[in-house]
Amino acid sequence: MNKTMIALATAAVFAAGLAQAADPDAYVDYRKATMGAVGGHMKAMATRMKAGLDVPDDTALHATAIAGILESFPAAFPEGTAGVGKTKAKDAIWANMDDFKAKSTKGAEAAKALAAAAESGADMSEIGAKLGDLGKACKGCHEDYKSK
Ligand code: HEC
């Protein structure tokens, strides 16, 4: 099999797995993978801006990805998955699910505002302010719901 066929076969195996009841540990893996991606998008944006790199301005792409991830993030915390696996997610999430969802939505909205500013060609000071708002939304959730 060539690489593409192997990738397709692997995808098919994973798709078949979706039909079964999900393993609680897999929710933890998923949370970490999505949050790791969010962290990567954030770092890419900040690095390009701070260092003034001569690469295309992909702020809107990264910010839109973050918004999409944060919109569905709370779904990765179903009942029965508190304290599962090796995680930094605090049990307080399940006791305060409405607030956790609100903080995720707030982050998604901050990311959308950043994407909109980047798409409209806003100046660096406005982009920087929107990036700062997004960073505050990350921190606002981590402070309450992620252990160090
Ligand atoms: C609604 C709450 C919430 C928001 C908003 C949020 N996070 Fe998180 N984040 C978490 C939780 C909970 C964890 C711990 C996940 C775990 O260990 O299972 C986490 C973990 C992480 C991690 C570690 C991932 C790993 O490899 O284990 C990174 C990096 C991260 N977040 C970056 C960000 C950035 C950057 C933002 C903002 C753009 C953000 N987060 C917004 C709740 C949030």
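Colleague: Which element gives the largest share of the shell around the ligand?
Modeller: H6 does, with six residues. This is a predicted model, where local features need pLDDT of at least 70 and side-chain atom pairs count only at pLDDT 80 or more, while totals for chains, interfaces and linings use all residues. Residues are numbered from 1 along each chain as its sequence is written, and side-chain values use heavy atoms, with hydrogens and water left out.

Colleague: What makes H6 a helix?
Modeller: A helix is a DSSP run of H or I with at least four residues, a strand is a run of E with at least two, and both are numbered from the N terminus. The protein has six helices and zero strands.

Colleague: How do you know which residues are near the ligand?
Modeller: A residue is near if one of its heavy atoms lies within 4 Å of the molecule. There are 22 residues around the ligand, and Met35, Thr87, Cys138, Cys141 and His142 come nearest.

Colleague: What makes a pair of atoms a polar contact?
Modeller: Both are N or O atoms, within 3.5 Å. A polar side-chain atom of threonine 87 is 2.5 Å from a ligand oxygen, so this pair counts. A polar backbone atom of lysine 88 lies 2.8 Å from an oxygen atom of the ligand.

Colleague: Which protein atoms are donors of the iron atom of the ligand?
Modeller: Donors here are N, O and S atoms within 2.8 Å of the metal (3.2 Å for Na, K and Ca). Met35 (SD) and His142 (NE2) lie 2.1 to 2.3 Å from the iron atom, so both qualify. Methionine 35 is in helix H2 and histidine 142 in helix H6, so the pair ties together parts 107 residues apart in sequence.

Colleague: Why is the site of the iron atom called octahedral?
Modeller: Six donors count as octahedral if opposite ones are over 155 degrees apart and all others between 65 and 115. The six donor atoms here make angles of 84 to 179°, and the site is octahedral. Ideal angles for six octahedral donors are 90 or 180 degrees.

Methods
A polar contact is a pair of N or O atoms within 3.5 Å; within protein, one must be able to donate a hydrogen and the other to accept it, and residues adjacent in sequence count only if both atoms are side-chain atoms. Four donors count as tetrahedral if all angles lie between 85 and 135 degrees; four count as square planar and six as octahedral if opposite donors are over 155 degrees apart and all others between 65 and 115; anything else is irregular.
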